[in-house]
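Colleague: I am new to reading models of proteins, and I would like to go through one with you, feature by feature. Could we begin with the general idea each time, and then turn to the case in front of us?

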Amino acid sequence: MDITRLWAPNARVRFMTEGQPSAEGECVVYWMQRAQRARDNPALNYAIATANALKLPVVTVFALAPTYPNAQRRHYQFLIEGLVDTERDLEALRVPLVVRFGNPPAVVAKLATELNAAAVIGDENPVRIGEQWRDQLAKKIHVPFHLVDADVIVPTSHFLREEYAARTIRPKIHRLLPEYLKPVPRLVARRPWSDSDRPKGEKIDTKSLMKEVKAAGVGPVQGYQGGTDEAIKRLHTFIKERLPRYAADRNEPTPYMTSELSAHLHFGQIGPHTIALAVEAAEDIPDESREAFLEELIVRREVAINFVARNPKYDELSGCPEWALATLAKHASDPRKYNYSAKKLEAGESHDPLWNAAQREMVITGRMHNYLRMYWAKKILEWAPDAETAFNIALDLNDRYEMDGRDPNGYTGVAWAIGGKHDRPWPERPIFGTVRFMSYESTRKKFDSDGYIARVRSLEQGKLFDA
DNA sequence: ATCGGCTCGCGCAA
DNA sequence: TGCGCGAAGCCGAT
């Protein structure tokens with residue numbers, strides 16, 4: 001592979017610094033940030049292809065910040081469980097994984113210098129802190145630094161402006177799918193590290209790495225294991241047992257009909273290509289179910305990523321559309337029948353048994369039923385003193401308890417429910433104005449609420465469902 | 001059980 | 001400039 005061809009402009013690649021790799025360089029560093037996997041990872045492939053073209057070895061570095069805004073022990077545990085699989089899978093590609101604690105741009109810059117890197121390749125991550133880390137690294141190093149958008153099917157760079165709704169991005173994504181929804185090749189490093197030259201990092205062992213983690217807060221979740229192996233296992237179970245009836249039954253609360261892969265996707269332990277291609281290839285799946293699932297995996301997930309990548313206020317109410325901000329402001333002084341503190345909500349102590357069940361499910365399992373995520377956030381708007389407070393409470397609870405907290409899907413979900421993001425106006429009512437309302441009565445009719453509440457009660461008594 | 005209206009603005013056809 | 005239609009709803013009429 002010729003490096004000039006490899007490094008030609010490409011929608012999936014962003015050049016953070018200019019220039020060609022130094023001839024004296026001794027390796028290519030792959031900074032694994034969000035794409036925490038060895039399989040179907042275009043950023044890793046780009047690093048391996050670059051190294052192979054330069055006849056250099058590749059080393060992957062994962063820099064683990066000892067704390068991260070809102071991240072709890074349950075998130076670190078899940079992430080570190082994933083690193084065990086990833087280290088083994090990288091080994092098969094003749095790429096070592098170095099894990100070091102510290103501030104990521106500082107850790108990566110230090111390692112790149114220590115190892116005399118010819119180039120640093122990273123993966124994209126649309127959240128603010130990831131963007132800051134990459135900008136800081138670009139200022140610290142003097143070798144070419146490229147980023148590869150590895151965790152979307154259609155590269156984010158195709159959509160330079162914030163999309164207004166799913167319907168505006170949908171036709172664009174569908175037009176580009178033939179180009180991007182293709183198998184990702186498996187590349188192997190041609191030049192491995194010799195054992196004596198191998199850079200030293202932390203030994204990847206979940207228990208000892210967890211000792212270094214400074215984050216406090218809620219502990220690990222029982223029965224929801226991190227890692228590529230677990231993700232692949234869940235994917236195959238989903239395709240076999242649930243996908244055939246996904247279109248009709250996706251909102252069933254007992255048993256769950258969803259793939260339960262959101263946290264693995266969030267940490268990049270599985271990539272969207274792996275899931276989408278497996279679902280496309282599955283046999284005996286009604287078109288309706290296949291399409292409903294791919295719509296959520298690709299269109300809804302990538303419009304959420306577009307929102308976070310293109311709207312700097314993705315985690316504030318003020319990032320929501322004008323019509324919604326105006327209507328919420330108009331209803332700001334409407335009387336609230338219930339007014340709960342953040343603490344009361346966090347404890348799952350409202351008057352509404354369905355809402356309490358959803359909140360407690362999230363606390364116990366790190367997940368919440370998809371349908372109830374909407375209801376849950378809308379009720380916080382109804383019961384908080386004002387819309388901005390509601391937005392912040394919902395996002396804070398989501399980020400701390402959900403295993404996929406701080407994911408674009410979560411930011412978009414809260415903005416949709418409370419701020420009308422990607423939605424349209426509906427008949428005007430108290431508090432909500434023309435933001436879509438959801439009622440307890442019709443949710444109970446549409447959704448097996450009693451079954452769900454019973455399920456959560458069993459969870460509280462220590463019984464696990466669907467592990 | 002099913003249906004239309006509610007309300008705003010984007011994107012495309014003209 | 002006009003028009004169709006949309007991130008998962010609600011309500012009342014038939």
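Modeller: Let us start with burial: a residue is called buried when its relative accessible area is under 20%, exposed when it is over 50%, and partly exposed in between, using a 1.4 Å probe and protein chains only. By that rule, buried residues make up 59% of the 467 residues in chain A. Please keep in mind that this is a predicted model, in which local features need pLDDT of at least 70 and side-chain atom pairs count only at pLDDT 80 or more, while totals for chains, interfaces and linings use all residues. Residues are numbered from 1 along each chain as its sequence is written, chains are lettered from A and ligands numbered from 1 in the order in which they are written, and side-chain values use heavy atoms, with hydrogens and water left out.

Colleague: How many helices and strands does chain A have?

Modeller: Helices (H or I, at least four residues) and strands (E, at least two) are DSSP runs, numbered from the N terminus. Counted in this way, chain A has 20 helices and six strands. The radius of gyration, taken over C-alpha atoms, can be set against the globule rule, which is 2.2 Å times the number of residues to the power 0.38. For chain A the radius of gyration is 23 Å, close to the 23 Å that the rule gives for 467 residues, so the chain is as compact as a globular protein of that length. Its C-alpha trace spans about 70 × 45 × 45 Å along the principal axes.

Colleague: What share of the contacts in chain A with a separation of 6 or more comes from residues 24 or more positions apart?

Modeller: A contact means heavy atoms within 4.5 Å. Of the contacts in chain A with a separation of 6 or more, 79% are accounted for by residues 24 or more positions apart.

Colleague: Which residues of helix H4 are buried, and what covers them?

Modeller: The general idea comes from helix geometry: an α-helix has 3.6 residues a turn, so residues three or four places apart point the same way. In helix H4, which runs over residues 104-114, the buried residues are Pro 104, Pro 105, Val 107, Val 108, Ala 109, Leu 111 and Ala 112. Their cover includes strands E2 (27-31), E3 (58-64), E4 (97-101) and E5 (117-123), together with helix H5 (128-140).

Colleague: Is Ala 117, in strand E5, buried or exposed?

Modeller: Ala 117 has a relative accessible area of 5%, and is therefore buried. Leaving aside its neighbours within four places in sequence, Ala 117 is in contact with Gly 25, Cys 27, Val 29, Ala 112 and Val 143, and one of these, Cys 27, is itself buried at 0% relative accessibility. The C-alpha atoms of Ala 117 and His 142, which are 25 residues apart along the chain, are separated by 9.8 Å.

Colleague: How many disulfides are found in the whole structure?

Modeller: A disulfide is a pair of cysteine sulfur atoms within 2.5 Å, and a search of the whole structure finds zero of them. Cys 320, with a relative accessible area of 5%, is buried.

Colleague: Where should I look for backbone angles that depart from the general pattern?

Modeller: Most residues other than glycine have a negative phi, and most peptide bonds are trans. Here Lys 55 has a positive phi of about 60° although it is not a glycine, and it lies in the loop between helix H2 (42-54) and E3, where it counts as exposed at 64% relative accessibility. Asp 284 also has a positive phi, near 60°, and its place is in the loop between helix H11 (272-281) and helix H12 (287-310), with 74% relative accessibility making it exposed. After H4 comes Asn 116, whose phi is positive, near 55°. As for peptide bonds, the one from Thr 254 to Pro 255 is cis, with omega near 0°, and Pro 255 is found in the loop between helix H9 (246-249) and helix H10 (262-266).

Colleague: What does a partly exposed residue look like, taking Glu 346 as the case?

Modeller: Glu 346 is in helix H14, residues 342-346, and is partly exposed, with a relative accessible area of 23%. Beyond its neighbours within four places in sequence, Glu 346 is in contact with Gln 359, Val 363, Leu 397, Arg 400 and Tyr 401.
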